Amino acid sequence: MSSSAVNQDFGCPECQEIVSDKKKKGTHVYLRKILHRHRTTIPNSLSSHEKSTLDTIRNWETIKGKRALLCGVTYDKQKYKLKGTNYDVTQMQEFLMTRFKFPSASIHILAEHAEMESHPHPTKRNIQEALRWLVKDNQHGDSLVFYFSGHGLRQPDLFDDEQDGFDETICPLDFKTAGMIIDNEINDTIVRPLKKGVKLHAIIDACHSGTILDLSHVYSTKEHCWSDNKPPSGVYKGTNGGLAISISACEDNQLAADTSAFSESGKQMEGAMTHTFRKALSDNSKATYANVLSSMHDNILAAKKKIFSLSGLFHRERLQEPLLSSSEEFDLNKAFVL
C-alpha cells in the first residue's frame, strides 16, 4: 500500500517511481523502496507453464449476460503480504452468485494461495489477459464485474492525464519484476471497448484506488454532486457507448485496510472496503448507489470506534472513504444492480 500526501513525495528521476523525502515506517514505504530499487522490466521469454496458463485464460468462454473477473493478490512469503485477499475473493464470488445470480461458470478467479491452486496466479500478464477476456465480444445487455483485492500504489503522471499529477496503479503478484498495471492501461483495456447497452462495475479494494479506471466523473459525497475528472490533456477516456462505474476503497491519496475489525472471532482478516460493500447490499434489498456509499461510510466509521488503530485504515486520522466514479453522470438514487 502506498504513499503519503503528495507534497511529501517526489518522483525518482531514474525509475520515475514515488520516493518519500522523509524516513517513514510501514508497508507502503517498503513497497516504494522496492519500486525504487528495481527496474520494472518484463522478461522476454515465457516458460511452458506460463504460456499454457495464458492460453487457458484466452480460451475462457465469453458467456453472454453476466461475467466477472476476481483477482486476489496475497504476495505470499513477502514482507508486504496481505492476509485477507483470498477470503475477500471467495466471499465476493459467493456474493455475486447468491445476491446477483451470476452463473458460477461466468466467474473466473486469479489467486495464488494453496487452497486456490486451481486458479491461475495473478501475475501481470495473467491479469492483463484476463481483463481482455472480461470485455471480449461484449454485447448489449452484458453486465461485467472486475474485482481486485491487493496492493495499490501511485506514480508520477508523465502525460498530463491526471489532475493531481499522479497515475494510480494496482500491483500484480510479480510487480517487482514485471511492473505495475497503471490506470491508463486499465482504462484502455476494459473501459474504452464497452459497447452501448453494456455495463461494467469495477470494485477495487486497494490503496490509492480512487480513480483507478480514469473515469471522467467522480461523485463528491460532501457536496452531493458529480465533479469533473477529465484529463487536462483532453485525451478521451470514455467508453464506446457503454457505462463504466467504479467503487474504490479510498480516495487517491488515502490508504485502505486489511483488517479483522469486522470478524466475530476477531481473527479473520478481510478488506474493509469489501466487507462494507457486501454488507451494504446484503442489508438492503432495494439498495441504491447513494445508500450503498452511505452504509459503507457508516460501517467503516463504526469499525474505527471499535478498534482505534486499524492498519492503514485511518492514516493521519483520515477515514478511509469509499469513492464512486463513472464514465457518465447518473442519479445515485437508482437501484444498485450488477
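Buried means under 20% relative accessible area, exposed means over 50%, and partly exposed lies in between (1.4 Å probe, protein chains only). These words are used below for charged side chains.

This is a predicted model, where local features need pLDDT of at least 70, side-chain atom pairs count only at pLDDT 80 or more, and totals for chains, interfaces and linings use all residues. Side-chain values use heavy atoms, with hydrogens and water left out.

A salt bridge here is a side-chain nitrogen of Lys or Arg within 4 Å of a carboxyl oxygen of Asp or Glu. By this rule the count is 12 salt bridges. The table gives three of them, including their N to O distances.

| Pair | N to O distance |
|---|---|
| D55 and R58 | 3.0 Å |
| D228 and K230 | 3.7 Å |
| K279 and D283 | 2.9 Å |

Start with D55 and R58. Both lie in helix α2, residues 48–58. Helices are DSSP runs (H or I, at least four residues), and strands are runs of E of at least two; both are numbered from the N terminus. D55 and R58 are 3 residues apart, about one turn of the helix. D55 is partly exposed, at 37% relative accessible area. R58 is partly exposed too, at 39%. The pair also belongs to a wider group: D55, R58, E129 and R132 are linked in a network of salt bridges.

Next come D228 and K230. D228 is partly exposed, with a relative accessible area of 47%. K230 is partly exposed, at 40%.

Last, K279 and D283. K279 is partly exposed, at 32%, whereas D283 is exposed, at 53%.

Definitions and conventions:
Residues are numbered from 1 along each chain as its sequence is written.
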